[in-house]
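This report takes up the chain as a whole, then one glycine and its surroundings, and then one of the pockets.

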Amino acid sequence: MDLAKLTRLAGPRWIEIEATALEHNLRAVKGLLQPPTRLLAVIKADAYGAGAVEAARIFLATGADYLGVTTLAEGQELRRAGITAPILLMSPLLPEELPQALTNDLTLTISSRSGAEAAAAAAAMVGRQARVHLKVETGLQRTGLEPGEVVPLAREMRCWPGVQLEGIYSHLAEAAHPGAARRQMECFQRVLMELEEQQISLPLKHICNSTGLLLHRGMHLDMVRAGTLLYGQFPYQAPRRGLELKNPWQFKARILFIHDVAAGTPVGYGGDYVVKKATRLAVIPVGYADGFALTPVSRPKDLNDLARHLVKTILAYLGRGGGEGTAVTIAGQRAPVVGRVGMQLSMVDVGHLPEVKVGQEVQLDLRRPTASARLPRVYCREGQPYLVRTTSGEMVPVLSSAGQNLAPGAGI
């Protein structure tokens with residue numbers, strides 16, 4: 001990889017996304033499904049940090065049938081990029097957002113009678129059909145129609161002009177717990193049976209997320225919604241089912257500055273860290289504004305979980321944790337981050353790596369949900385860059401050394 005060329009396009013820090021890993025993961029997940037079950041690729045939250053537009057293109061070219069996002073803005077971004085595949089908005093919208101959603105041919109989630117009526121009104125206003133999926137509340141208690149509301153509403157909606165009942169779904173709250181998942185599925189199935197008795201047909205029925213997909217083959221129905229698995233990670237407590245996934249994600253930066261410091265020198269804000277012996281410090285252009293060294297704080301589930309949280313916090317304080325922000329990798333060797341992580345600059349002790357120099361590449365750990373959307377994304381095929389999403393969101397194609405376009409589907 002030509003670092004000088006890459007830096008001119010992306011700057012001195014970037015997230016590298018390997019297209020072949022995303023392709024591999026989608027094929028592997030799809031291999032667990034029995035035809036005609038469809039695969040909805042979830043690309044919410046900027047495709048879990050991988051970059052929504054290019055991830056969507058890769059997944060669709062590899063065999064995804066549907067895309068799923070959360071917000072109107074996420075759906076609009078895909079349409080502006082020329083993606084024409086069906087996209088499900090997996091959250092209720094405000095009435096003011098509905099006309100734009102329909103104009104962009106986005107599939108709506110209906111979670112209430114008022115939401116259904118607003119969708120019908122928006123369809124009449126813009127002169128576009130509202131394609132909708134009914135969301136059933138079966139146990140997550142987030143959004144959705146109560147089971148008893150579904151059939152009466154669906155009976156009315158099938159007669160509404162401008163509204164197409166395409167699907168119905170629910171969401172597993174405890175997919176890793178068979179009893180809880182079974183209770184939700186039984187509730188969902190009762191609703192489906194009542195619809196069938198009323199001869200109300202909804203072609204796409206779905207309830208499985210990534211965990212449900214792995215654990216509950218009998219719940220795959222007409223479509224499954226896979227997110228985490230496609231990005232190379234297994235959900236917590238989920239079995240692997242023989243699935244081999246590839247990690248498509250690497251966070252990289254280049255060293256900006258190196259200097260020597262004497263023993264006893266305080267380093268960084270507050271002087272919290274004091275150098276024990278003479279060493280060299282390297283400065284990297286990465287900080288907490290990029291999501292580096294940030295760890296989401298969640299409420300512990302039980303006492304054992306609380307104990308694990310406390311141990312990790314203590315180890316991090318002592319500089320001995322294995323988590324994000326505690327160390328980086330340079331030329332295959334680990335080097336500790338020292339002092340407080342700054343907003344956009346951090347320091348690394350490289351005293352044990354005498355060959356390290358300015359401009360050298362550094363690999364870092366970064367939690368994907370906390371990664372800044374303004375970090376450039378560099379898309380590669382077998383390690384060769386073919387596309388850069390810059391800090392402004394511009395997509396800049398990169399030709400290989402042979403002048404080839406390595407983008408998925410190029411030349412098709």
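## Burial and overall build

In this predicted model, 49% of the 412 residues of the chain count as buried. The secondary structure consists of eleven helices and 21 strands, and the C-alpha atoms fill a box of roughly 80 × 55 × 40 Å when it is taken along the principal axes. Among the contacts in the chain with a separation of 6 or more, 67% are made by residues 24 or more positions apart.

## Surface and charge

The chain exposes about 19900 Å², and carbon and sulfur atoms supply 52% of that area. There are 45 positive and 37 negative charges in the chain, and the mean positions of these two sets are 4 Å apart.

## Glycine 63

Glycine 63 lies in the loop that runs between α4 (52-62) and β3 (66-69). When its neighbours within four places in sequence are left aside, glycine 63 is in contact with Leu26 and Lys30. Its C-alpha atom is separated by 9.7 Å from that of alanine 41, a residue 22 residues apart from glycine 63 along the chain.

## The second largest pocket

The second largest pocket has a volume of about 210 Å³. It is lined by 16 residues, of which Val53, Glu77, Arg389, Gly393 and Met395 are the closest to its centre. The elements that give two or more residues to this lining are α4 and α5 (72-80), and α4 provides the largest share, with three residues. The helix α4 is thus named in two settings, since it borders the loop that holds glycine 63 and also contributes to the lining of the second largest pocket.

Conventions
Residues numbered from 1 in each chain as written. Predicted model: local features only at pLDDT ≥ 70, side-chain atom pairs only at ≥ 80, totals over all residues. Heavy atoms only, no water. Helix = DSSP H or I, 4+ residues; strand = E, 2+ residues; numbered from the N terminus. Buried < 20%, exposed > 50% of the residue type's maximum accessible area, 1.4 Å probe, protein only. Contact = heavy atoms within 4.5 Å. Areas by Shrake-Rupley, 256 points an atom, 1.4 Å probe, with all protein chains shown as cover. Lys, Arg positive; Asp, Glu negative; His and termini not counted. Charge placed at Lys NZ, Arg CZ, Asp CG, Glu CD. 1 Å grid on protein atoms, 1.4 Å probe; cavity = no way out; pocket = protein on both sides within 12 Å on 5 of 7 lines; lining within 4 Å. Points joined across faces, edges and corners; volume = space filled by probe spheres on them.
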